[in-house]
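Visitor: Could you take me through one small part of this structure in close detail? I would like to start from a single residue and then look outward.

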Amino acid sequence: MVALRMSMSSLVRRRSSDEITNSASVSSSLFPAFGTTIFDIEGYLKSNLRKYVIAPYDRRYQLWQTFLVALVVYSAWASPFELAFRELLVGSLLPVDLLVDAFFAVDIILTFFVAYLDTSTYLLVDDHKKIALRYVKKLHFTMDLASTVPFEQIHQILTGKPTKSEVSGFLIMLRLWRLRRVSELFARLEKDIRINYSATRFCKLICVTLFAMHFAGCTYFWLAVQHKTPKNTWIGNKTEDFNDLSVGLGYTYSMYWSVATLTTVGYGDFYAVNLTEKLFSTIYMLFNIGLTSYIIGNMTNLLVHSSVRNFVMASQRDAFNKILQYANKYRLPEGLKEQMLAHMQLKFQTAELQQEVLQDLPKTIRSSIARHLFQNIVETTYLFKGVSDDFITQLVSETKAEYYPSKVDIILQNEMPTYFYILVSGSLDVLIYKNGSEQFLFKLESGGMAGEIGVMFNIPQPFTVRSRGLSQVIRINHHHFKQMVQPFSDDGKTIIYNFIKYFKGLKGKVLEEIYVTELLGDFHDEHLTRNEGTDEEVSRYQEAPYTEGRTGNSKALSSPVPVRVKIHGHHPNEHKMGNETTPKLILLPNSVEDLFSVAEKKFGNRGSKILMADGSEVEELSTIRENDELYIL
């Protein structure tokens, strides 16, 4: 366990814990996108990375990368635009281009100081030489450098005159290499829990479509400019002097034909004339088939997401309609129908809080969540005061959280004691049906328990428990509880003592309504007086039932929670001849002699032998199980 805790603490650091002391612990799979924080990155930087090394997930570095994406958007628009209209622009965008290239040059330098994750060892590498070698050897360095160097300006400085070569125009297009940053940004945004996924996907589709239309429009105009016969072009066929058009008007014509081709409208006012334009139009139209499919597929995905939400709403409506139909068909009382509808409505409203949400998580995580939410409330309940931390931990791990709306029956009178409940929030009414009427007994507040009397005595529930308002309870299974108590002898005795003390403290009216007076006497005699029958023995569990720091109980308890059995005062074969006596329901005593004494009290004769229904003789009480029938001879 210690090793496990050390390994877990080396992976992540909570805000209240110490600094991470091993940079190897940070895996790429642990890093979130934008919306979550696993560790304090500033403390991580100060205590782990070498000097002048930047963590790839430093917030400041990520802000810098986001700023560069904005510059990439400019480069994606300006590069095709300058290629097509460079003769009309006459260097008007030159200052902006140089400024943008300067920022990307700074980023190239920063990359030599950014740590990277070794995919083979999952360690952050902060060695300067390794970082530099890795970056230089990759294609990224060559392309980053080629897309940043201002070749045209360098040529002009060296020769003293601007170049009109088409090669320099194509070198401008190398800036489109920077578009990979936009793709990486959208990948991060799609994982960002703070941003709507559908909105991110929709923006991505818009950006892809706009860039495709812009690139194709600029290419169309560039093809027209490069053709030897201006009249024999798509735009020269309509406007022979298109070289004299303004940049805005030429760009408008180009985008118009690009959009018409993309949308397959084809009005016929512009069309490909020469062979080069026809070849490019063919490629563009084939590309549009894939782009259209991509857009339709993504839009369908977004509609499906929206349809799922609508389906959930429709399912809720159908569930309510089915409840109403069922209640009307079988003429259920109005109050019961309202309880059914209220419970269903609460189930949908608190879907994210229900236990089903946690089912796919590992048991250790579910147990940790339960301990965080409910351990304090369990420790304050009267039944578990003074028990060990180990028992509380096991008990809380087996609890189930439930919500109940107002006026809903949680426990029905006379039902079998399958569960008992601890009230976390809200309030409950304890009621009893007597002589055909419902009587109020008392109210339970937060920290109170319901159903434990039936569980401890192993009898039908003596009360009805109903929620007053919206209430949250944690449910504990009767049989799981008995199994958990078995290894904890001291805790079992403490639980019994707490229960009897609470039970005796109930008001007389409540005790009168519980027909367990005889069981209470047996319960008290068998579980309190068996330890030499003294109050001092009991008070020992009251004063110090559990010492802090103990990890368990060394002595096993044979039956810390009573076992209910039926006893007969005749041989098991006599029931076939009709000579049997009325069976008696008792709680199994601690010893054979005590069992003979109880049988003598019930039937008037002291037995000397215990038989099972099949005639086998019982020698040890530990072999007897719940609801067994014993024949005392």
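Guide: Happy to! Let us start at Asn-274, which sits in the loop between helix 11 (247-262) and helix 12 (275-329). Please keep in mind that this is a predicted model. Asn-274 has a relative accessible area of 6%, and since the cut-off for buried is under 20%, Asn-274 counts as buried.

Now look at where its side chain points. The side chain of Asn-274 comes within reach of the backbone nitrogen of Thr-276, at 3.2 Å. A polar atom of that Asn-274 side chain also lies 2.9 Å from the backbone nitrogen of Glu-277. Leaving aside residues up to four places away in sequence, Asn-274 touches His-227, Asn-232 and Thr-233.

Stepping outward, the unreviewed UniProt entry lists several stretches as "transmembrane region", among them 245-267 and 279-297. Over residues 245-267 the model is 70% helix and 0% strand, with the end C-alpha atoms 22 Å apart. Residues 279-297 are 100% helix and 0% strand, and there the end C-alpha atoms are 28 Å apart.

If you would like one more stop, turn to helix 15 (residues 389-397) and helix 17 (residues 478-485). Their axes are 11 Å apart and the helices pack at an angle of about 155 degrees, so helix 15 and helix 17 are roughly antiparallel to each other. Their crossing is right-handed. At this meeting place, Phe-391, Gln-394 and Leu-395 of helix 15 come up against Phe-481, Met-484 and Val-485 of helix 17.

Conventions. Residues numbered from 1 in each chain as written. Predicted model: local features only at pLDDT ≥ 70, side-chain atom pairs only at ≥ 80, totals over all residues. Heavy atoms only, no water. Helix = DSSP H or I, 4+ residues; strand = E, 2+ residues; numbered from the N terminus. Buried < 20%, exposed > 50% of the residue type's maximum accessible area, 1.4 Å probe, protein only. Polar contact = N/O pair within 3.5 Å; in protein donor to acceptor, adjacent residues only side chain to side chain. Contact = heavy atoms within 4.5 Å. UniProt positions renumbered as here; feature names shortened; annotations may be inferred. Axes fitted to C-alpha atoms, helices over the stretch in contact; angles between N-to-C directions. Parallel < 35°, antiparallel > 145°, perpendicular 65-115°, else oblique. Left-handed = near helix turned anticlockwise from the far one by under 90°.
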